[in-house]
Amino acid sequence: MLSRTAASLYWLGRYVERAEFTARLIEATIRLDLLSARPAGEGAWESALAVVAAEDGFWFTGEAVSPEAVGRYLALSQANPSSIRSCLDAARNNAKSVRTALTREAWEAINRAWLFVRDVKITDGTPAALAMIEKLKAEARGFEGALHRMLRNESSFFVRLGAAIERADNTARLIDVKYHLLLPEGEKVGGPIDRDQWTTILHTVSAVTAYRWLYREGLRPGYVVDLLVLRHEMPRSIAASADEVVQMLTAIGRRLGRQGEADRMARTRQLMLGRSTVNGIIAGGLHEFLRGFIADNARLDHAIGQQFRFQ
Amino acid sequence: MGNPAFDEVWGSAGPEASREGFEALAAWIADTPPHELDRRQQAAEAAFRQLGITFAVYGEDEAAERIIPFDIVPRIFSASEWRGLKAGLEQRVEAINAFLADVYGPRRILRDGVLPAELVLANPQFRPQVAGARPPHDVYAHICGIDMVRTGPTDFFVLEDNARTPSGVSYMLENREAMIRLCPELFELFPVEPVDDYTDLLFSTLRSVAPHGRGSEPVCVLLTPGHFNSAFYEHSFLADAMGIELVESADLEVDDDIVWMRTIDGRVRVDVIYRRLDDDYIDPLIFRPDSMLGVPGLMAAYLAGNVTLANAPGTGIADDKAIYSYMPEIVRYYTGAEAKLPNVETWRCRERQALTYTLENLDKLVVKLVDGSGGYGMLVGPTASKAEIERFRDALKAEPHRYIAQPTLALSTVPTLTEQGVAPRHVDFRPFCLTGADGIRIVPGGLTRVALREGSLVVNSSQGGGTKDSLILADRPRRRSIGPQPMRSGAD
C-alpha cells in the first residue's frame with residue numbers, strides 16, 4: 001500500500017472521530033448550559049473551547065463568548081480547522097483521494113455527513129441544533145458500521161488506527177479540562193456544580209448508563225476517572241483506545257511481516273496503563289498524568305507517521 | 001444548421017426509412033416508447049452519479065461535480081465500417097510513432113523538406129530536452145485517442161490526433177456496462193464486439209514497454225495530478241481495473257536516476273509510469289519550476305532509460321493542430337502509402353493565402369487555436385455572433401500563426417433521446433489505440449460524444465455534450481444470448 005494512501009486513511013479515521021467528538025462536546029455543553037439546576041452559563045462554553053484547545057482561535061474571531069458564537073465556531077466555522085465542518089471537509093478529501101480503498105458504504109456515510117453539514121445553519125441550544133447532532137452521531141455510527149464490514153486488511157486497519165489515536169487524545173483532553181478549568185472558585189468539590197459537570201462528561205462519551213452498571217454507589221470523581229482512563233470495557237476510555245492502537249498496529253505488522261518503533265511505544269503505553277491504579281494517578285496529579293498522556297499520544301502519532309513513511 | 005446532415009441510422013430520408021443493415025436498430029428505436037427510454041436513461045445516470053463518475057468543470061465551485069449526460073440510444077458501426085476505420089487508425093498511429101522517433105532523432109523528415117523545420121523545432125510542443133533520447137522499445141505514443149467525424153456513408157475524417165494524455169476511455173467502458181444492464185435485448189439483436197478487455201490490453205501494453213532487463217513482472221503505476229483533477233474518476237477507475245497503484249507525484253522519489261514509490265512496506269522500484277499529467281508538470285527540474293505537481297529527477301531517470309513514461313514526453317508535437325495539417329504527408333512519408341483516413345481540409349493561417357481566405361470566410365469556417373483544447377478558444381462561424389466573429393478577426397490578424405481554419409462540416413447525426421422524442425443529433429467518435437513493444441491493439445469501440453442541443457456541432461462535455469455507447473457489430477453470428485434462459489425440464 002502506498003504511504004500516502006495509508007496516511008489518508010489514517011487521517012480519515014482521525015477526522016471522522018474528531019468531528020463526532022466535537023458534536024458530542026457541543027451536545028454536552030448545551031446540556032450543561034440548559035439543564036443544570038444552576039446554569040453554568042458562559043463557563044460551559046468557555047470550557048468547551050478549552051477542551052479542543054480553541055480558546056485562542058475563537059478569541060481571534062473577535063466575538064464574545066455566547067452559546068451561538070461558540071456553537072457556530074465549533075460546528076461550522078471554516079476558520080476553525082477542528083470544527084465539524086472542517087473535519088468533514090478534510091475527511092471527505094482524504095476519502096476521495098483513496099476512494100478505491102474504501103467500500104461504497106463507507107464513502108457514502110462520509111459524503112452524506114458532509115452534504116448534511118454543508119446545509120446546517122443553526123448550532124445554538126435549540127432543538128434544531130440537537131437534531132443536527134443526533135444526525136451527525138448517526139452518520140458517524142454508520143461510518144463505523146461500514147468500516148467493520150470492509151475487508152480486514154490495511155485499509156480498514158489504518159482508518160481504525162487513526163480513530164483510536166484520536167479518541168485517546170479526545171478523552172484525555174475532556175477529563176483534563178474538567179479537572180482544572182471547570183472548578184469555579186469557592187465551589188466545593190462534590191457540590192452540585194461539580195456533580196453536574198462530571199455527569200456531563202460522562203454524557204459526552206455516552207457513559208452515564210455504563211457508569212451506573214459498573215459503580216453502584218452514585219457519582220464519585222474517582223470512579224469517573226477510573227471508568228474513563230482505566231476500564232478496558234469502556235469503549236472510549238484511554239485504556240480501551242490504547243488497546244485498539246496496539247491491536248491495529250499488530251494487525252498491520254502481521255500483514256507486512258515486521259514491526260517497528262510505533263509498535264514498541266504502543267505496547268509500552270498499554271503496559272503502563274495496565275499497571276496504573278486510579279489512586280496512584282490522582283496521588284501523582286491527574287492533570288500531570290493527562291498532560292503526559294497527551295504528549296505521549298502525539299509522540300506515538302509521530303512514530304506511526306515515521307514507521308509508515310506518511311511524509 | 002440547415003445543412004442536410006447524414007444520419008447514421010436513418011440515412012438522409014428521416015425516421016420513416018433506415019439505412020441498409022440498420023433496420024433492426026431503427027425498429028428498436030421506433031418500438032421502444034420514449035418514456036421507457038427515458039426511464040432507462042435516468043437509471044443509468046443515477047448509477048453513474050452513485051459510482052461518482054463525475055467531472056469537475058473548471059471555473060465552477062468545487063462542489064459542482066457533474067456527470068456527463070448519457071444517451072440511451074446507442075450508435076452502431078457495421079463490421080465493414082469498423083474494418084476500414086481500424087486499418088486507417090493503425091496506419092495513423094504507426095505514422096505518429098515513426099514521426100516522433102524521427103523528429104526527436106535523425107530528423108530526416110525535416111531534411112527532406114516534407115514540412116517546415118521551424119514548424120517543428122520552434123513549436124512550443126516540441127521538447128528539445130528529450131531530443132536524442134530513445135524511449136524503451138522506441139514507442140512514444142502508447143495511448144492515442146484519434147477524434148473522428150463523419151459526413152456520409154463512407155466519409156470518415158480525422159479531426160484531431162490526441163497523442164498526449166487522451167481521456168474518455170472510462171466512459172466507453174461504463175457506458176457499455178450500463179447498456180448491457182439496461183438494454184440487454186440489443187445484445188440479443190446484434191452480435192456486438194466486446195470492449196471489456198481494454199484494461200487488460202492497456203496493462204499488457206504498459207508491461208511490454210518496460211525498460212529492458214526489468215523481468216517479466218515490471219511494476220507499473222498510474223500517475224494522477226490528484227483528486228481535484230477533472231478526470232480523476234477515470235484515473236482511479238483504470239488503476240483499479242489494472243490492479244496497479246494510483247500514485248501522485250508526492251508518492252514518487254528519484255534516487256540515483258531510479259524511480260521509487262513510497263509504500264508502508266518501504267520503497268518499491270517503479271518501471272512504467274502511465275502518466276495522466278502533462279509534460280509541463282512531470283518534472284519541475286526540467287519543465288516548469290513553478291509546478292507543485294511533478295517529481296524532481298523523473299526526467300533524468302527517463303533519459304537514463306530506467307523508467308518508461310507512457311506517453312513519452314514530447315508527444316504533443318504529433319497532435320499539435322499546426323502539425324495536424326501535414327498528417328497526410330507525414331503518413332505517406334513513413335508508411336509509403338496514402339493515408340487511409342483523410343484529414344479535414346485545413347487552412348494554416350500562418351500562410352498568407354490561407355489567412356486571407358480565412359478572414360474572408362469567417363462566417364463559414366471553424367477557427368481553432370493550434371494549442372487549444374476542450375472546445376475553448378474556438379469559433380464556429382455559422383453559429384457565432386457578429387461580435388464574436390470580429391473578436392476572432394482581430395485575434396487572427398494579431399497572431400495568425402496561432403490559428404487554423406476548417407470548413408464547417410455537416411457532421412453525421414445519430415438518433416438521440418431528446419425532450420421531443422428521439423431526434424438526430426451531431427456526433428463525433430474517439431477510438432483508443434494502444435501501441436506496445438509487440439504492436440498496435442485497438443479495442444472495437446470508442447467514445448461517441450453527442451452534441452445534445454439541436455443543430456449544435458460542439459460535442460465537448462464542458463460545453464453541453466453527452467456520450468453514447470458505440471457498438472461495433474461482429475462478423476460472426478451474434479453472441480449467445482445473455483438474457484434469462486427458459487428452464488429446461490427433465491433430463492435430456
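What follows is a chat about chain B of this predicted model and the places where chain B meets chain A.

Visitor: Hi! How many residues of each chain are in contact?
Guide: On chain B there are 15 residues in contact, and they meet 13 residues of chain A.

Visitor: Which helix and strands of chain B each supply at least two residues of that side?
Guide: Helix H9 (232-242), strand E7 (245-247) and strand E9 (258-263) of chain B each do so.

Visitor: And where does the largest share come from?
Guide: From E9(B), which gives 3 residues to the side of chain B that touches chain A.

Visitor: How do the residues on that side divide into nonpolar, polar and charged?
Guide: For the side of chain B that touches chain A, the tally is 6 charged, 5 polar and 4 nonpolar.

Visitor: Back to E9(B) for a moment. What is the order of strands in its sheet?
Guide: The order is E8-E9-E10 in chain B, an open sheet of 3 strands with antiparallel pairing.

Visitor: Which are the edge strands?
Guide: Strand E8 (252-255) and strand E10 (266-269) of chain B are the edges, and each pairs on one side only. On average, neighbouring strands of this sheet are turned by 40° against each other, with direction ignored.

Visitor: How many bridges do E8(B) and E9(B) pair over?
Guide: They pair over 4 bridges, in the antiparallel sense. If you'd like a spot to look at, Glu253(B) has Trp260(B) in E9(B) as its bridge partner.

Visitor: Nice. New topic: what does the domain assignment give for chain B?
Guide: The assignment gives two entries: domain 1 covers 23-344 + 409-472, and domain 2 covers 345-408. Their C-alpha centres lie 26 Å apart.

Visitor: How many residues does the contact take from each domain?
Guide: It takes 14 residues from domain 1 of chain B and 13 residues from domain 2 of chain B. On the domain 1 side, these residues divide into 7 nonpolar, 5 polar and 2 charged.

Visitor: One more topic, helix H6 of chain B. How many residues does it have, and what span does it reach?
Guide: H6 runs over residues 169-182 of chain B, which makes 14 residues. From first C-alpha to last, H6 reaches 20 Å, close to the 20 Å expected at 1.5 Å a residue.

Visitor: Is H6(B) mostly covered or mostly open?
Guide: Mostly covered: 10 of the 14 residues in H6(B) are buried.

Visitor: Which ones are buried?
Guide: Among them are Val169(B), Tyr171(B), Met172(B), Leu173(B), Ala178(B) and Met179(B). Glu174(B) and Arg176(B) of H6(B) are buried too.

Notes
Residues are numbered from 1 along each chain as its sequence is written. Chains are lettered from A and ligands numbered from 1 in the order in which they are written. This is a predicted model: local features need pLDDT of at least 70, side-chain atom pairs count only at pLDDT 80 or more; totals for chains, interfaces and linings use all residues. Two residues are in contact if their C-beta atoms, placed from the backbone, lie within 7 Å. Ala, Val, Leu, Ile, Met, Phe, Trp, Tyr, Cys and Pro count as nonpolar, Asp, Glu, Lys and Arg as charged, and the others, Gly among them, as polar. The expected span of a helix is 1.5 Å times one less than its number of residues. A residue is buried if 20 or more other C-beta atoms lie within 10 Å of its own, exposed if 12 or fewer, and partly exposed in between; C-beta atoms are placed from the backbone. Domain bounds come from an automatic or database domain assignment. Two strands pair if DSSP finds at least two bridges between them. Axes are lines fitted to C-alpha atoms, for helices over the stretch in contact, and angles run from 0 to 180 degrees between N-to-C directions.
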